[in-house]
Amino acid sequence: MEKEVVIKSENVAKKFGDRTVLDGVSLEIYRGETFVIMGGSGCGKSTMLRHLIGALKPDSGKISLLGKDLSKLTDDELDTVKKKIGMSFQSSALFDSMNIGENVSLPLKEHTKLDKSVIDIVVKMKLEMVGLRGFEDLMPSQISGGMRKRVGLARAIAMDPEIVFYDEPTAGLDPIVAGVIDKLIIDLSKKLAITTVVVTHDMKSVFSIADRIAMLYEGRVLEVGTPDEIRKSKNPMVQQFISGSADGPIKFFQQKDDYLEQLIK
Amino acid sequence: MNFIERIGGIVISTGRHAKDVLALFFDTLFWLTAGPLKNKFVKKEGIFAQLVFAGIGSLVIALFVSFFTGIVIAMQSAYQLSRFGANIYVAPMVAVGIARELGPVLTALVVAGRVGAAIAAELGTMKVTEQIEALETMALDPIRFLVVPRFLGLLIMLPCLTIFADIMGIFGGFLVGVFNLRLDPYRYITFSFQFMQWKDVWTGLVKSVVFAIIISMVGCYMGLRTKGGAEGVGKATTLSVVTSFILIILFDCLLTGFFYFTQK
């Protein structure tokens, strides 16, 4: 059976000032799969994610989401596409001025004509999925980081999106909570049959959730494949990243000048 | 050469900021007027919260400042006028001075320090913690959602505050006139209104409307372009207050000149 491509990027390039962040990234993501974009800090993976959700526009190249070329959409059409995607942010990005129930119900209140009582039920269902039913009245400042992440997740799936994007879902969480989040991501993608795109550098999380993995390095795709293919990859950079060793082809220190010369100067 | 280059740089960046603030202003007006046509209304709750915050929250401090300013003007003008035995002229001096100038300007400065700073800090924090981006990903426009309620809150409340401040300032002068200068209260009041005209009040209110636009737009603009964590939020807040103060004084001068030459 032919797999349906829901996200497609072709040769996406982006520069911030003089610095090239993305240098021709081409990816295809299929419906229903969990796709992980991994890579070191500053490799451009978060920037790539922001391009995929239409928050940034590429300097060159093309991105299509659910069959629509993002660069050709008007603002209203882009909004229609955005209603079909959900995003879970690295810092959760919950609205401080609203309680948890209001955070989750906001997109429903704004974009649907559902009755308040129906919205309340939907909110309870979404919070139940992330194991936080009954917490509606707490403020984001009153709950822990892991719980905030889960509320962010509930908000991301509030509109029953076709695609959910996760930016560093396990960053800054303890291993158990990180495991809970990973399980949640898998559960949600299976239960709701949604396409999932995760950006992370947490290797444990990568191999437990991914159907396919793309490794990014210096704004380019090094390799794309299933977790097994990536594990067996012959590319030394990929191997170094998986094992997390300091020595290897990926240099951690960027030496711009001669060290001695700079010391004396 | 370097000096000239620097001045040129400042002029160019000021021009760019001015252009961006104007763009934000027009976007705000767009959502106010065209939004309802597209069935995208601005939330009543949001506007109400801002009305309470900008208006009722600022009332006490605005009255406080205006009351003591009224007293000060009364005493300072009495210091001069008593030499000519013209103490009764303290009444119109306070009334006209407060209504035309000090009521609107001092209220605007107080509100810029209190509400403008809060707007910049709140939106700035939302920017650096990805909340603005979260709104955009949900297809909710931050201008409709955050800027328009703050704009309306100030636009409605600053003139109201100014009216109360005017009354309070005149009352402050009245106290000095009656208890210190021993003027007849009834005569003080009739004399005030004999000189103070309707145009003195409405020109003051026009000023306060312009100041409301300045405070809300500068606060929102500085907040929405915040970068760089907590330090950035601090910078945005400071910059918003300083810019608002300068613009309020500048536009006060321009408007006073305009009314002086057109409303004789």
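Two residues are in contact here if their C-beta atoms, placed from the backbone, lie within 7 Å. I start with that because the contacts I list for B:Phe211 rest on it. Leaving aside neighbours within four places in sequence, B:Phe211 is in contact with B:Pro104, B:Ala108, B:Leu158 and B:Ile248. Please keep in mind that this is a predicted model.

Let me stay with B:Phe211 for a moment. The residue is found in helix α7 of chain B. Is B:Phe211 buried or exposed? There are 28 other C-beta atoms within 10 Å, so B:Phe211 is buried; the cut-off is 20 or more. B:Phe211 and B:Val105 are 106 residues apart along the chain, and their C-alpha atoms are separated by 8.1 Å.

Next, one of those partners, B:Ala108. Not counting residues within four places in sequence, B:Ala108 contacts B:Leu158, B:Ser208, B:Phe211, B:Ile215 and B:Ile248. B:Leu158 and B:Ile248 are also in the list for B:Phe211.

Now chain B overall. It has eight helices and zero strands, so to speak a run of α elements from the N terminus on. The C-alpha trace of chain B spans about 70 × 55 × 35 Å along its principal axes. Chain B has 264 residues, and 44% of them count as buried. Take the contacts in chain B between residues at least 6 apart in sequence: 88% of these join residues at least 24 apart.

On to the core. Which residues touch the most other members of the largest nonpolar core? That core has 129 residues, and the ones in question are A:Val36, A:Leu52, A:Phe165, A:Met215, B:Val94, B:Ala108 and B:Ile215. Helix α3 of chain B, residues 90-128, gives the most to this core, with 21 residues. In chain A, domain 1 (5-84 + 161-264) and domain 2 (91-160) both give residues to the core, so it lies between them.

The two chains also touch. How many residues of chain A are in contact with chain B? The count is 13 residues of chain A, against ten residues of chain B. On the chain A side, the elements giving two or more residues are α2 (75-82) and α3 (100-111) of chain A. Of the elements, α3(A) gives the most to that side, with three residues. By class, the side of chain A that touches chain B has seven nonpolar, two polar and four charged residues.

Next, a helix pair within chain B. Two packed helices are described by the angle between their axes and the distance between the axes. For helix α1 (residues 2-33) and helix α5 (residues 142-180) of chain B, the axes come within 10 Å and cross at roughly 95 degrees. That makes α1(B) roughly perpendicular to α5(B). From α1(B), the residues that meet the other helix are B:Leu24, B:Asp27, B:Thr28, B:Trp31 and B:Leu32. From α5(B), they are B:Ile143, B:Arg144, B:Val147, B:Val148 and B:Phe151. By class, this contact has seven nonpolar, one polar and two charged residues.

Last, B:Met217, which has its place in helix α7 of chain B, residues 198-224. With 23 C-beta neighbours inside 10 Å, B:Met217 counts as buried. What does B:Met217 touch, not counting residues up to four places away in sequence? The partners are B:Val21, B:Leu24 and B:Phe25. B:Leu24 also appears among the residues of α1(B) that meet α5(B). The C-alpha atoms of B:Met217 and B:Val90, 127 residues apart along the chain, are separated by 37 Å.

Note on methods:
Residues numbered from 1 in each chain as written. Chains lettered and ligands numbered in written order. Predicted model: local features only at pLDDT ≥ 70, side-chain atom pairs only at ≥ 80, totals over all residues. Helix = DSSP H or I, 4+ residues; strand = E, 2+ residues; numbered from the N terminus. Buried ≥ 20, exposed ≤ 12 C-beta atoms within 10 Å, placed from the backbone. Core = buried A, V, L, I, M, F, W, Y, C linked by C-beta atoms within 7 Å. Domains from an automatic or database assignment. Nonpolar A, V, L, I, M, F, W, Y, C, P; charged D, E, K, R; others polar. Axes fitted to C-alpha atoms, helices over the stretch in contact; angles between N-to-C directions. Parallel < 35°, antiparallel > 145°, perpendicular 65-115°, else oblique.
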